[in-house]
Amino acid sequence: MTNIRFIPPQRGPVTDYSDRALTTGPLWLLIKDIRVLTAALPYLPLLFFPFKPKSEKQANHSRLASYRDTVVQALLCLIELALLILFIPALISLPGMLFIVALFACILIIRLVAWPTQGPRIAESTVHQGTPPMLQRRPDERWLFINGICTGRSGLQQNVDRISLLFGRKVLGIHNQSYGIIGDIVECLLQRCLSYSTMDVRVANEVIKQHLVDPLVQKVVLLAHSQGGIIASMVVDHLLTELSGECIGKLEIYTFGSAASHFHSPPTSTTTPLPGTSVEFAPCIPYIEHYANEYDMIPRWGVLYAIKNLVFNRYAGKVYVRMGATGHMFVDHYLDPIFPLPKPARLEPGPAMNTRQVGGHRTEAAEIEDADGFLNALVDVDADLEQRRAQKPRKRLVQAKSARQAHAHPASMVNEAGGNAIHATHGSVDGVHRDADDDLMTFVDGNAGKTVKELSRLWKYLGGADPDD
């Protein structure tokens, strides 16, 4: 049985969490990001492991495009590695203008080498061509996908086709163009540390916004992989300043191996309090889920580091970690183990018992839902992280109240006999969160013993189904 670590969404008042970019300068963020990335480098060889050969049933032209993209990526890696080695000597030895000219020449060479793997910014799934389009059955839904690092145009097309076949929807792919693994990581650093909106971010922002403001659309489901998680988080930052809560509320986000350093979903209203908190804040984006492999280098730098090491960095959504799992490829290492496709024989048209509709075909739901035990695996709630989350707000509360009383009664803070000293008992300040420890254990125990299927929402879309039906 697959071992799944479940990290519940952040709880408590919005004041408990902050975006790291608002508490740390960009230069220091860049230094820290490079340090964390360097620490994750031992996992670099595991990005492609376990290796899965291309399917024999894959179309010849598609296989040729995949081989071409692989050769281009390898060539870009060699060129960028050589440039990285020569950068410091060139900076020291070349005159200023000559160095700038050489730098632009190198960028031009990289773009020319990468050109064959690029194309239009938008790709549309093709697996349902010739069958009744999904829009006729669910005209109020839009499904979008943003790819990750080292993905060419053909890779994007394969990804959106795989998503379309799996969930029975027409899928629109937004191409995050690649310039080699080193170039992509440099771009990630610019996006994460400087909040720089690259062309990929700007295109994604316009496409997603266009669907959210459409009055005929009631649901926009966004899937993102790797660097696509960074782009998705930046797009959310922009949309929160441009659109109403009603429009933002149409959005659902699901990431795989995300490299994002933050995810915002501010509160829109208050509802029944959660255990361990005085008030629960309903997020404006109602559903966000992140899936990650434990030994995948990219989420160890992204979602896993941001949530586990930067405890009070704002990162909305549930997290599911496949413990002991390696690999970063979207289909081979995420979709296949988590949501494997049914056997080809099951995709033949015709009646069957316990069936669902998948793009004009009927397929047995049981074959789609859980072929390798992921959805039926019991989750292990990260109680240690929940404990650390519960402790720090108390310290902040003590410090904040101390500061307020110090401002109002400066003398009383050094005269404890005066009756104005701060007393925190059982992790509380004047009775606030007095029962937090008991509530925390109740919350952890309430999620323990559940399966992924009971906690996850994304699987409920499998085979063309809808969790809201």
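Let us call a residue buried when its relative accessible area is under 20%. By that yardstick, buried residues make up 50% of the 469 residues in this protein. The model you are looking at is a predicted one, and its chain is arranged into 16 helices and 13 strands. Among contacts with a separation of 6 or more, 80% are between residues 24 or more positions apart.

A good place to begin the tour is the sheet. Nine strands build an open sheet with mixed pairing, in the order β2-β4-β3-β5-β6-β9-β10-β1-β13. Its edge strands are β2 (122-124) and β13, each of which pairs on one side only. From one strand to the next, the twist averages 20 degrees.

Walk to the β13 end and you can see what mixed pairing looks like around β1. Strand β1 (residues 4-7) is antiparallel to strand β10 (residues 318-322), with four bridges between them. Towards strand β13 (residues 379-381), β1 runs parallel, and three bridges join the two. Phenylalanine 6 is a handy marker here: it stands opposite tyrosine 320 in β10, while its bridge partner in β13 is valine 381. Elsewhere in the sheet, strand β5 (residues 219-225) and strand β6 (residues 251-256) pair in the parallel sense over six bridges. In that pairing, valine 220 stands opposite leucine 251 of β6. As a reminder for reading side chains here, those of a regular strand alternate between the two faces of the sheet.

Now look at the helices that lie across these strands. Helix α7 (residues 199-212) lies across β2, β3 (141-146), β4 (171-174), β5 and β6, and it runs at about 155 degrees to β4. Helix α8 (residues 227-242) lies across β3, β5 and β6, with an angle of about 140 degrees to β5.

Helix α6 deserves a visit of its own. Its 14 residues reach 19 Å from the first C-alpha to the last, close to the 20 Å expected at 1.5 Å a residue. Because 10 of those 14 residues are buried, α6 is largely enclosed by the rest of the structure. The buried set is Ile181, Ile182, Asp184, Ile185, Glu187, Cys188, Leu189, Gln191, Arg192 and Cys193. After the helix comes serine 195, which has a positive phi, near 55 degrees.

Within α6 (residues 181-194), pause at glutamine 191. Its relative accessible area is 2%, and since buried means under 20%, glutamine 191 counts as buried. What is glutamine 191 in contact with, leaving aside its neighbours within four places in sequence? The answer is Tyr196, Thr198, Val201, Gln227, Ile230, Ile231 and Met234.

The aromatic residues offer another route through the fold. A search of the whole structure finds 14 aromatic pairs. One of them joins tyrosine 43 and tyrosine 295: the ring centres are 5.8 Å apart and the planes are at 10 degrees, so the pair is stacked. Tyrosine 43 lies in the loop between α1 (26-39) and α2 (60-93), and tyrosine 295 in the loop between β9 (287-293) and α10 (297-301), so this pair ties together parts that are 252 residues apart in sequence. Both partners are partly exposed, tyrosine 43 with a relative accessible area of 21% and tyrosine 295 with 28%.

Another pair, phenylalanine 256 with tyrosine 334, is edge-to-face, at 6.3 Å centre to centre and with 70 degrees between the planes. Phenylalanine 256 is in strand β6 and tyrosine 334 in helix α12 (residues 330-338), so the pair ties together parts that are 78 residues apart in sequence. Phenylalanine 256 and tyrosine 334 are both buried. They also belong to one aromatic cluster, made up of Phe6, Trp143, Phe145, Phe167, Phe256, Tyr291, Tyr320, Phe330, Tyr334, Phe339, Phe374 and Tyr461. Notice that Phe6 and Tyr320, both members of this cluster, are the residues that stand opposite each other in β1 and β10.

To finish, look at two rings with a charge over them. The charged end of arginine 457 sits over the ring of tyrosine 287, 3.7 Å from its centre. Lysine 453, in turn, lies over the face of tryptophan 459, at 5.2 Å from the ring centre.

Conventions: Residues numbered from 1 in each chain as written. Heavy atoms only, no water. Buried < 20%, exposed > 50% of the residue type's maximum accessible area, 1.4 Å probe, protein only. Contact = heavy atoms within 4.5 Å. Pairing = 2+ DSSP bridges. Expected span 1.5 Å × (residues − 1). Axes fitted to C-alpha atoms, helices over the stretch in contact; angles between N-to-C directions. Phe/Tyr/Trp six-rings, centres within 6.5 Å; stacked < 30°, edge-to-face > 60°. Lys NZ or Arg CZ within 6 Å of the ring centre and 35° of its normal.
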